[in-house]
Structure formats: structure tokens, C-alpha cells
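I opened this notebook to keep track of what I looked up, one topic at a time. The entries follow the order in which I went through the model.

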Amino acid sequence: MQFHHNGYVSHDPRELAAAGYGIDRPIELPEKMDVLIVGSGPAGMVTAAQLAMFPDINTRIIESRPHRLELGQADGIQSRSVETFQAFGFAKEIEEEAYEITEMAFWNPDPENRNHIKRGATPVDDESGISEFPHLIVNQARVLDYFARFARRGPARITPDYGWSFISLEVGEGEYPVKAVVEDGNGNTRELEAKYVVGCDGARSQVRKSIGGKLQGDQANHAWGVMDVVVDTDFPDWRTKCAIHSRAGSILHIPREGGYLCRVYVDLGVVPAGDGGAIRSTPIERIIEKANEIYSPYFIDVKMVAWHSVYEVGHRLVESFADDGDSPRVFLTGDACHTHSAKAGQGMNVSMQDGFNLGWKLGHVLSGRAPEQLLCTYHLERQPAALNLINFDRMWSTLMATPPEELEDPGAVEKFYVAAEEFAAGMMTEYEANMVVGDRRHQDLATGYPVGKRFKSFEVLRRCDAYPLHLGHQHSADGRYRIYAFADSATPADPSAMDSWAEQVGDILASYAPQGLDENAFFDVKAIYQTTDHRQYSVLDAPRLFRPVNGSLQVPNWENVFNALPGEGDIFQARGISREGAVVIVRPDQYVGAVLRLDEPAAVDEYFSRALFKR
């Protein structure tokens, strides 16, 4: 990370200077605010963390619990989420405490004794190299802690207001059109006024009910018991993720962080008609007994139950993720707008992407950078993503619940798991063209960066210090667009279209950013040259655009000029980038917004004229 450009820093540089509403932030809930976030779960905390980078926006987040979450129900962290953690600055820390999934074992009935299970295929977790980030298991509470730390350290100094329950809201007119009623732990109610409300309050969302939203879809018809347990066992794959099919039922077996704890999803069978929720009262003793039947011939002797529950699988989706398609004021995220089973490990992950998608858009609109129409893209992008998740989860949960003798192919479960690897990793989401997703007319210039999909990082060499690093890992969650200019030349000393492009684009970008800010306050622009020998040129050979002046000391930033690495490390070859050059624009949430020609600098203006206001 970069610091000292505002003067020498001796404290933790990850704690940014308070600014705007972060200075002397009131402890008590104010009567008026720009954004009211309801719920401090994954979507709510990501939204708050992103908005913490916009100190001139008054953001508050309320939570009905009296304190932080201590035991989370979600635990699976896909590689796309770890990539998101990187943007928020804590990927390495959470990797150290998490359990990392490296392979998955599939157990089926032993052909020689159908009452026993036998290990079958054991595919590695990411055999096709979908991401450089791992697949992790870690308590949801710890994930929220890290996002809370980021929000607390951000310039806006956002912290949750615990002990406040959301009751209802109405949307009217005026500067603060949303009137929300909240209640403290003593039953005292208050009315708050907000410009926008974000409902992150779960499957029983009161925010959703307040705007007339309804979850629609399949009713639950299959029950699962889930338990976090420490055991004595002779099951040989206790510390390996497993999908187990037996004549007694199915188990999804997921080791947890710490070396001893494991989460076990136990098939409790079809829910009888007219059950009325009675299945949810299944005692933990019965869940353990059922698990032992499925694990046979192995046993588990449960020494401690950290947490357990019973749930019924249902797949439901809200028709609209906002109250108004043309001028939205209230938004729904996470379980408030999409519900599904927990076995695909997608719920928390998709919820975090909801929050990441919405957070920067609210930041841009409320800070005056972007038109209000930008907020309409939240529903347009995230509702189809949730529908795809539900379709995927329906297939996966059905396979997991199908008795092995009813499967046409005994290897159907592992084949589906391997085939769906990219989706399960969170990397298949692709947004259609809108005001921040351009067309695909120049996609052939950078085939490895599909427009509308997340920017897939690759290693390059930073010229100023000859340091190899992942280009995408420099993309922090600071609300800025990234512009990657891939040169048509080996070095900046060679004739190149980059020179003219940089001169014109510098003027274009300046027209969107107010005077008095750092030159790269809105845009992080980087150059990548084709040579694999950095000694052939100097940072000073590159156009001035790539040395923006920063901070109160007005000093140049030297870390924006890169070149390819030798052999298979050549980013141009690995990501299908044309040797004639290309420009890749990446949104603040790490999704590719456009691929443009290097010899058409006006195309940069065309893209941003839809997404931002000129000054």
C-alpha cells in the first residue's frame, strides 16, 4: 500500500485519516442520514465498508443484536470472495486462520456391501486454475469482523449501531424521502429520515415487507440437519471436504478452521405434507444418530456441539431488488431478496457481491460523481446473478438428496461438481451491457478480459522497483475506476500509440475530476509494456499520465508502470491481449466495464460520459 504522500506516517497506515462525517462522528443515531443500512450481515458490512471510503456521505448501519455476531451460520468462502477480501485489505490474514479446501472426496455405497460407504473420486479443488485465490472455510463472524475493521478505519469511521430493530418505512418526497421507524432494545421507537435505505436484514426482511416485496419460488420439501462438532472418529477423511451418498442418506462434510471442528450437513429426508415446521424440532441426538448411519462402517463420537440447526431447502427470489425500477430509494440484498440451500456454499458469497456492487454505486451517486440512473443497474445486474445461483443450487441440492440407487450415473455428483467449478468459485457472473458495461465490439483485443466479467489478475513486473506482483491485487476498494493501458510497443522509448493516447486521455479524465483533488482521485491509470526486460527503459520514459501527483506534498506516484514477465509469465499472451495494444477499463467492484482500442482515446470519454458527470 502507499502512504507518506501526506507526510510521514508512523502509526498503522491502514487506518486512514478521518474526514467528513468521520470527524467527531456522533455516537447516537442522527435523525437524518444519506444511507441507512439495515442489518450487519455480509451484504450490510460490505456495503458499509465500501461507503467508509466516501467520508462526505453520512452512512449509518443498524443491527438488532446487542453486539457483534459471535457464531455465524455461513462458513464457505469461494475464491471470488477471497479476491474481494484482497480489495478490502485482509485476504492474507484470513487465509492464515481459515481451513483451505484443496480437494474433495466423493463417497458412495460399497459395491461389496451396500450398507457401507467407500471412497471414490477425489478431484482437486481448482484443477483448471480458475483463480490464484484459495477456497476457504472460516466462521462468518470473522469475515464480518474484518469488514467491520475496514469500515472503522476508513475516513468515514463507520461502526454498527447495535440494539436497533427496523420496524417499517415509507417512501415519500423531499431531500430525505425515506421515513424509517426503528426501535431500541427497550421498546422506544424513533423515526429516521434517509435518502436511501439498504435492506440487509435476512430472509424474514422487514425492509422487503415494507416495500411490498415477496419471495417467490419453490416451497421447502427436504430437510437437513446441520451441526458444527468436535468428535472422536475413525472416518479417514474427517479433515477433507466430502460428499457422501449412502443407502441411509447423504452428508455434506466440511472441515472447519482450527484443525478439529467440522460442519456436517445431514440428510433428514423429505418433509411430510402438513408437517407445519415440526421437522425443525428434530433433536441433536437424532441428527447425530442419523449421521452415524450414513458414515457406516465408520463412527463419530460427538464430544462437543458448537452449533446446530435444522432447515428446509427452498429456492425463492424477489421479483425486484429495489422499490422502483426508474428511481430506486430502497434496495434489497442477500437473503432479503434470494434464498436457497446452504450446501452450495454460495449464500454469504453472493450476498457480499450484492453489497460490493451496490456500495460503490451509492458512493458515486451521493458524492455527485454519477447520475442517479446508475443505481438502476443494481437490480439489472444482481437479480439475474441470483437467479443463476438458485438454478445452480437447485441442481446441486437435488443431486445431494437423491438416493444413490436412483442416480442413472453413480458418478453424477462428482461430475457435476467438477463441471460447475467455475460457477461455484464465483467467477461466472457476467453482466449484460448497461451504462457501466460497454459493448463487446473490441473484445478480440483482450480475450482474457471478457466485458461484464470480473478482471482476472495476472502477474507483471513493476518497473520502479523490479518487483513482480499481481496486477489485479493493486485494485483496492477505494471507489476508483481502474484503466489498464496495454502498450503496442516493447518499451515507452519505442514509437507507440500510447504517447498520443496518454496525452489525450489525461485531459479527458481531468474533465471528470474536481480541481483540488489528487490527480488519481477518481481514476487509477496504469501502463503495461510488452518487453520482458525492464532494464531497457525507465519509469521516466513513460508518459506523464502514469506519474500522477498525489497528497498534500504533491509528489509523483512511481508505481503505475509495468511490463510483462518472461515466458509463460507474459500477460499479453496469457490474457489474449493484442500486440497492437488495448485499453481495459475496470469498475470499482473489479468487473470489466470496457475493452477499447489504444488508438481511439475518445472512446474512453464515451464510456465515462455515461457513468460520470463532467465538471
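**Entry 1, helix 1.** I began with helix 1, residues 42-51, where 10 of the 10 residues are buried, so the helix is largely enclosed by the rest of the structure. I was reading a predicted model throughout, and I keep that in mind for every value below. Going along the helix, I listed Pro42, Ala43, Gly44, Met45 and Val46 as buried, followed by Thr47, Ala48, Ala49, Gln50 and Leu51. I then asked which elements cover the buried residues of helix 1. The cover includes strand 1 (32-38), strand 2, helix 4 (140-153), strand 8 and helix 7.

**Entry 2, a salt bridge between strands 8 and 2.** Two of the covering elements, strand 2 and strand 8, came up again when I turned to the charged pairs. The side chains of Asp161 and Arg60 form a salt bridge, with 3.0 Å from N to O. Because Asp161 belongs to strand 8 (residues 160-162) and Arg60 to strand 2 (residues 59-63), the pair ties together parts that are 101 residues apart in sequence. I checked both partners for accessibility: Asp161 is buried at 9% relative accessibility, and Arg60 is buried as well, with a relative accessible area of 1%.

**Entry 3, other salt bridges.** How many salt bridges does the structure hold? I noted 41. One of them joins Glu519 to Arg544, whose closest N and O atoms are 3.0 Å apart. Here Glu519 sits in the loop between helix 11 (497-510) and strand 24 (523-529), while Arg544 sits in the loop between strand 24 and strand 25 (549-550), so this pair ties together parts that are 25 residues apart in sequence. Are these two partners buried or partly exposed? Glu519 is partly exposed, with a relative accessible area of 45%, and Arg544 is partly exposed too, with a relative accessible area of 40%.

I also looked up Asp589 and Arg587, which form a salt bridge with their closest N and O atoms 2.8 Å apart. Asp589 is buried, with a relative accessible area of 1%, and Arg587 is buried at 0% relative accessibility. Turning to partners that are shared, I found that salt bridges join Asp12, Arg14, Glu93, Arg149 and Arg153 into one network.

**Entry 4, Glu381.** Arg587 came up a second time when I listed the contacts of Glu381, a residue of helix 8. Leaving out residues up to four places away in sequence, Glu381 touches Asn357, Lys361, Tyr431, Asn434, Val436, Val437 and Arg587. Glu381 counts as buried, at 2% relative accessibility.

**Entry 5, Leu375.** I moved on to Leu375, which lies in the loop between helix 7 (347-366) and helix 8 (376-401). At 2% relative accessibility, Leu375 counts as buried. Apart from its neighbours within four places in sequence, Leu375 is in contact with Tyr196, Pro328, Phe331, Lys361, Leu362 and Val365. For a longer separation I took Leu375 and Glu103, 272 residues apart along the chain, and their C-alpha atoms are separated by 40 Å.

**Entry 6, cysteines.** How many disulfides does the structure hold? The count is 0. As a reminder to myself, a disulfide is a covalent bond between the sulfur atoms of two cysteines, and the cut-off I needed for the pairs is that the sulfur atoms lie within 2.5 Å. For Cys262, the closest cysteine sulfur is that of Cys242 at 8.0 Å, which is too far for a bond. For Cys376, the closest cysteine sulfur is in Cys337 at 16 Å, again too far for a bond. Both Cys262, with a relative accessible area of 0%, and Cys376, at 16% relative accessibility, are buried.

**Entry 7, cavities.** Last, I searched the whole structure for cavities of 30 Å³ or more and found 1. The largest cavity holds about 60 Å³ of space. Which residues line the largest cavity? The lining consists of Glu83, Gln86, Phe133, Phe455, Ser457, Gly472, His473, His475 and Gln590. By class, I recorded 2 nonpolar, 6 polar and 1 charged residues in that lining.

Conventions. Residues are numbered from 1 along each chain as its sequence is written. This is a predicted model: local features need pLDDT of at least 70, side-chain atom pairs count only at pLDDT 80 or more; totals for chains, interfaces and linings use all residues. Side-chain values use heavy atoms; hydrogens and water are left out. A salt bridge is a side-chain nitrogen of Lys or Arg within 4 Å of a carboxyl oxygen of Asp or Glu. Buried means under 20% relative accessible area, exposed over 50%, partly exposed in between (1.4 Å probe, protein chains only). Contact means heavy atoms within 4.5 Å. On a 1 Å grid over the protein atoms alone, a cavity is a set of points where a 1.4 Å probe fits but cannot get out, and a pocket is an open set with protein on both sides within 12 Å along at least five of seven lines; lining residues have an atom within 4 Å of a point. Grid points are joined across faces, edges and corners, and a volume is the space filled by probe spheres set on the points. Ala, Val, Leu, Ile, Met, Phe, Trp, Tyr, Cys and Pro count as nonpolar, Asp, Glu, Lys and Arg as charged, and the others, Gly among them, as polar.
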